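This report describes how the parts of one protein chain are arranged in space. It treats the nonpolar cores, the packing of helices and the pairing of strands in turn.

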Amino acid sequence: MGAALSLSQARRIALSAQGLIGPRPKAPATARALGRTFERLQLVQIDSVNVLVRSHYLPFFSRLGSYDRESLDRMSSRSPRRMVEYWAHEASFIRPEHFEALRLWQKRDWVGASSLAPEVRDELTERILTLLASSRPLTAAQLTQRLGHVEERRTDNWGWNWNAVKRVVSHLFEQGIVSSAGRTASFERRYALTANVLPPGNLTGRSQDDPSVRLDRDEAALALTRAALRAHGIGTVRCFADYFRLPMKATEAALGELVRTGEAEPVEVRGWGHTLFKDAAAGIPRSAGGRALLSPFDSLVFERRRLEKLYGFHYRIEIYTPAERRRYGYYVLPFLLGETMAARVDLKADRTSGVLLVHAVHGEPDAPAETAVELAQELRLLADWLQLDDIRVADEGSLALPVARALGNPDTRRRVSPVD
């Protein structure tokens, strides 16, 4: 076993790797800063829930503060793309250089195209690819219209009641034959041939280390595990496997190779109780001074067991839990303060009324004394970024009243009122 680290040191390594170790810049983040942050994270998960803001926008706000969301959109919708969409942890924006490695490992044939009659599937595949070869990027609905495809809707609601065109184009997306050239305002994928989406050189199927060698699954697993190691900084085999959803055995073998080459080192963390690996290039920051509201889909909280071991923070998304059984709320964001997960905040953006609704604020047992004040400041920043003029705090949770009081200071420009 390698060096022995304290739990606090492990926390700081993890926060530094994720870009959450210190205060954020005061000025709005530039496109270059967005690019650097994405390179650090390696991927950003996508989700359709829009209660507060689309989930892929939040990790950049958590790390950089205010920025122009259109700048981030351009990274995935304009050539040369710095972010491309594919299956990774879940549906995610990934770095283009990881596309071929992920295509070798992602097997998510769940949309039902394989259950279509072969002649229907094959005919639609040919027609979709022919159309996309000569057209601008198209959504599934536009493809259906352009192809003149008509069918009766299923009554069992299987596969979200998708028609055959959407099922086939989604299957082609899973195979990496077509890709997303961006999303519409209603968050629909705009499909295009992958060769027209990926930057030149990222669709070769060749090793990045030696272009003369064709990429195989072992080398792909090594590249993705190396990326997960850098993004996490420290963790178990399961942590690194979960980042890109690789098999445990392949990740374990890749970590063994990274240890052999000196890129990873075994360590022991008091209180964790598992075999752990650290990025050999990662230093140990002396302190953590960051503050952030984290998306439920933030890469720091991907692996729930890791989150609980590192921070003593048991966290579940309760979106699909019946309202009467929810413990903390519908869309709950962890609040990071220093190296402590200090609170849970149930938030909603009421865009029609221009109000940030704070449905509940639950403090953690080890929350620092300044949590309410720091959280109030964070809520102001979030409301400003989302262009919401008011913050309303419901009397729900142990920190609701202290946060409301902190927001109601005479020097604030915002009115604080109860959530109806």
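In this predicted model, Leu382 is in contact with Leu52, Leu58, Phe61, Leu293, Leu347 and Leu356, when its neighbours within four places in sequence are left aside. Leu382 also belongs to the largest nonpolar core, which has 108 residues. Leu382 is listed there with Leu52, Phe244, Leu347 and Leu379 as the residues with the most contacts inside the core. Helix H9 (residues 217-232) supplies the largest share of this core, namely eight residues. Apart from it lies another core, of 27 residues, including Ala10, Ala14, Leu300 and Val332. In soluble globular proteins, nonpolar side chains tend to be buried together.

Two of the residues named for the second core, Ala10 and Ala14, are found in helix H1 (residues 7-17), where they are buried. Arg11, Arg12, Ile13, Leu15 and Ala17 of H1 are buried as well. Just after H1, Gly19 adopts a positive phi of about 75 degrees.

**Packing of two helices**

How are helices H6 and H8 placed with respect to each other? Helix H6 (residues 118-133) packs against helix H8 (residues 164-175) at an angle of about 70 degrees, and their axes are 10 Å apart. H6 is therefore roughly perpendicular to H8. On the H6 side, the contact involves Arg121, Leu124, Thr125, Ile128 and Leu129, which meet Ala164, Val165, Val168, Val169 and Leu172 of H8. Of the residues in this contact, eight are nonpolar, one is polar and one is charged.

**Strands and sheets**

Strands of a sheet pair through backbone hydrogen bonds, either parallel or antiparallel. One open sheet consists of four strands in the order E1-E8-E9-E7, with mixed pairing. Strand E1 (4-5) and strand E7 (234-235) stand at its edges; each has a single partner strand, so one side of each is left without a neighbour in the sheet.

A further open sheet has three strands in the order E2-E4-E3, and its pairing is antiparallel. Here strand E2 (43-45) and strand E3 (84-87) are the edge strands, each pairing on one side only. From one strand to the next, the twist averages 35 degrees.

The table lists three strand pairs.

| Strand pair | Sense | Bridges |
|---|---|---|
| E1 and E8 (residues 264-269) | parallel | two bridges |
| E2 and E4 (residues 91-94) | antiparallel | three bridges |
| E5 and E6 (residues 189-193) | antiparallel | four bridges |

Individual bridge partners can be named for these pairs. Ala4 has Glu268 in E8 as its bridge partner, Val44 has Phe93 in E4, and Ser179 has Ala192 in E6. Strand E5 (residues 178-183) is mostly covered, with five of its six residues buried. The hairpin of E5 and E6 has five residues between the strands, and Phe187 in this hairpin takes a positive phi near 75 degrees.

**The position of Ala250**

Is Ala250 buried or exposed? Ala250, which lies in helix H11 (residues 248-260), has a relative accessible area of 16% and is therefore buried, the cut-off being under 20%. Not counting residues up to four places away in sequence, Ala250 touches Trp105 and Ala221. Asp350 stands 100 residues from Ala250 along the chain, and the C-alpha atoms of the two are separated by 45 Å.

Notes: Residues are numbered from 1 along each chain as its sequence is written. This is a predicted model: local features need pLDDT of at least 70, side-chain atom pairs count only at pLDDT 80 or more; totals for chains, interfaces and linings use all residues. Side-chain values use heavy atoms; hydrogens and water are left out. Axes are lines fitted to C-alpha atoms, for helices over the stretch in contact, and angles run from 0 to 180 degrees between N-to-C directions. Angles under 35 degrees count as roughly parallel, over 145 as roughly antiparallel, 65 to 115 as roughly perpendicular and the rest as oblique. Contact means heavy atoms within 4.5 Å. Ala, Val, Leu, Ile, Met, Phe, Trp, Tyr, Cys and Pro count as nonpolar, Asp, Glu, Lys and Arg as charged, and the others, Gly among them, as polar. A nonpolar core is a set of buried Ala, Val, Leu, Ile, Met, Phe, Trp, Tyr and Cys residues joined through side-chain atoms within 4.5 Å. Buried means under 20% relative accessible area, exposed over 50%, partly exposed in between (1.4 Å probe, protein chains only). Two strands pair if DSSP finds at least two bridges between them.
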